[in-house]
Amino acid sequence: GGNKVGVVVGPNAPEISKKALELDQTTPKQTCAGGNCGGCLNKGCKSRVAASQPTGPIDLNSRLKALTEQQQVMLFMKGSPGAEKCGFSRTIVGLLKDQGVKFGTFDILEDEEVRQGLKEYSKWPTYPQLYAKGKLIGGLDIIKELIEEDELKSSLGVGEPADLNTRLKALTEQQPVMLFMKGSPGAERCGFSRTIVGLLKEQGVPFGTFDILEDEEVRQGLKEFSKWPTYPQLYAKGKLIGGLDIVKELIEEDELKSSLGV
């Protein structure tokens, strides 16, 4: 029931291996169109179509590095401040606030790739994890020890002026395509932001967002960093693409995806 792809005479093991390798390299890989087929990577596949394999996953370590550098002090926790989903996270949030430490947070329960990847990236198997300028400080017990020894702020480098450009660079590289907007998708707080979100979704472009109304330092700093005075601003791999008018032009010229590298 199949096609003849070659003939090997006799028990010639090297030749058999060579033919098998050639067949594997020339056979189209299978991916799903949605349903349940035996060897498909997608569960529930009803049909198969031959397709080339994806070009490869986004570099996870680069994303983790950008996340840990997103703010001068970053806490990777379960839940968010005020809505913690474990006692250790609740305790460390309280300690940092008591010490007057400003910090950003990332909810690892919302992103399984980050949750598992950061354990290997940091060689630290549990959460919460606290970072300063992209470097791991430790978990709850370490923070308690640093507070007892009055060394927490010096260990975090708090009090030293944060390098805003370093933070902005990390933010623009947080995902392959990043949109700095007013509000968030589905809760946009200006018409330009609403329009550009709609256009990107229509074009099938995956993107991350940052609400510049929530951070005045980023809102003002990014204008100088990018030499672009208005919002929204769209970035690809850390490089400014432009605002709404530029995105519209790229769509009209059918060059948006190539410009974004997606």
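Helix axes are taken here as lines fitted to C-alpha atoms over the stretch in contact, with angles between N-to-C directions. In these terms, the axes of helix α7 (residues 164-172) and helix α9 come within 10 Å and cross at roughly 90°. Helix α7 is therefore roughly perpendicular to α9. The structure is a predicted model, and the arrangement of these two helices serves as the entry point to its description.

On the side of α7, the contact is made by L164, N165, R167, L168, K169, L171 and T172, and on the side of α9 by E217, V218, G221, L222 and F225. Sorted by class, the residues of this contact comprise six nonpolar, three polar and three charged ones.

The chain as a whole contains 11 helices and 14 strands. Of its 262 residues, 36% are buried. Among contacts between residues at least 6 apart in sequence, 56% join residues at least 24 apart.

Helix α9 also takes part in a second packing arrangement, this time with a sheet. Four strands make up this open sheet, in the order β12-β9-β13-β14, and their pairing is mixed. The edge positions are held by β12 (208-211) and β14 (239-242); each has a single partner strand, so one side of each is left without a neighbour in the sheet. On average, and with direction ignored, neighbouring strands of the sheet are turned by 30° against each other. Helix α9 (residues 216-226) packs on this sheet and touches β9 (177-181), β12, β13 and β14. The direction of α9 makes about 60° with that of β13.

Strand β13 is paired with both β9 and β14. Four bridges join β9 to β13, and these two strands run antiparallel. Within this pairing, the bridge partner of M178 in β13 is Y235. Three bridges join β13 (residues 233-236) to β14, again in an antiparallel arrangement. Here L234 has G242 of β14 as its bridge partner, while the partner of Y235 in β14 is L240. Residue Y235 is thus bridged to M178 and to L240. Strands β13 and β14 form a hairpin with two residues between them, and K237 in the turn has a positive phi of about 50°.

In a regular strand, side chains alternate between the two faces of the sheet. In β13, Q233 and Y235 point one way, whereas L234 and A236 point the other way. These four residues are all buried.

Charged side chains form a further set of contacts. Side chains of opposite charge can pair when their charged atoms come close. With a salt bridge taken as a side-chain nitrogen of Lys or Arg within 4 Å of a carboxyl oxygen of Asp or Glu, the count comes to 11 salt bridges. Three of the residues involved, R63, D111 and E113, are linked in a network.

Within this network, D111 forms a salt bridge with R63, and the closest N and O atoms are 2.8 Å apart. Residue D111 lies in the loop between β6 (104-107) and α4 (112-122) and R63 lies in helix α2 (residues 60-68), so the pair ties together parts that are 48 residues apart in sequence. Both D111 and R63 are buried. For R63, the relative accessibility is 15%, and R63 counts as buried because the limit is under 20%.

A second salt bridge of the network joins the side chains of E113 and R63, at 3.4 Å from N to O. This pair also links distant parts of the chain, with E113 in helix α4 and R63 in helix α2, 50 residues apart. In contrast to the buried R63, E113 is partly exposed, with a relative accessible area of 43%.

Helix α4 also holds a salt bridge within its own length. The side chains of R115 and E112 meet at 3.9 Å, N to O. Both residues lie in α4, three residues apart, which corresponds to about one turn of the helix. Residue R115 counts as partly exposed at 22% relative accessibility, and E112 counts as partly exposed at 45%.

Notes: Residues numbered from 1 in each chain as written. Predicted model: local features only at pLDDT ≥ 70, side-chain atom pairs only at ≥ 80, totals over all residues. Heavy atoms only, no water. Pairing = 2+ DSSP bridges. Axes fitted to C-alpha atoms, helices over the stretch in contact; angles between N-to-C directions. Contact = heavy atoms within 4.5 Å. Buried < 20%, exposed > 50% of the residue type's maximum accessible area, 1.4 Å probe, protein only. Parallel < 35°, antiparallel > 145°, perpendicular 65-115°, else oblique. Nonpolar A, V, L, I, M, F, W, Y, C, P; charged D, E, K, R; others polar.
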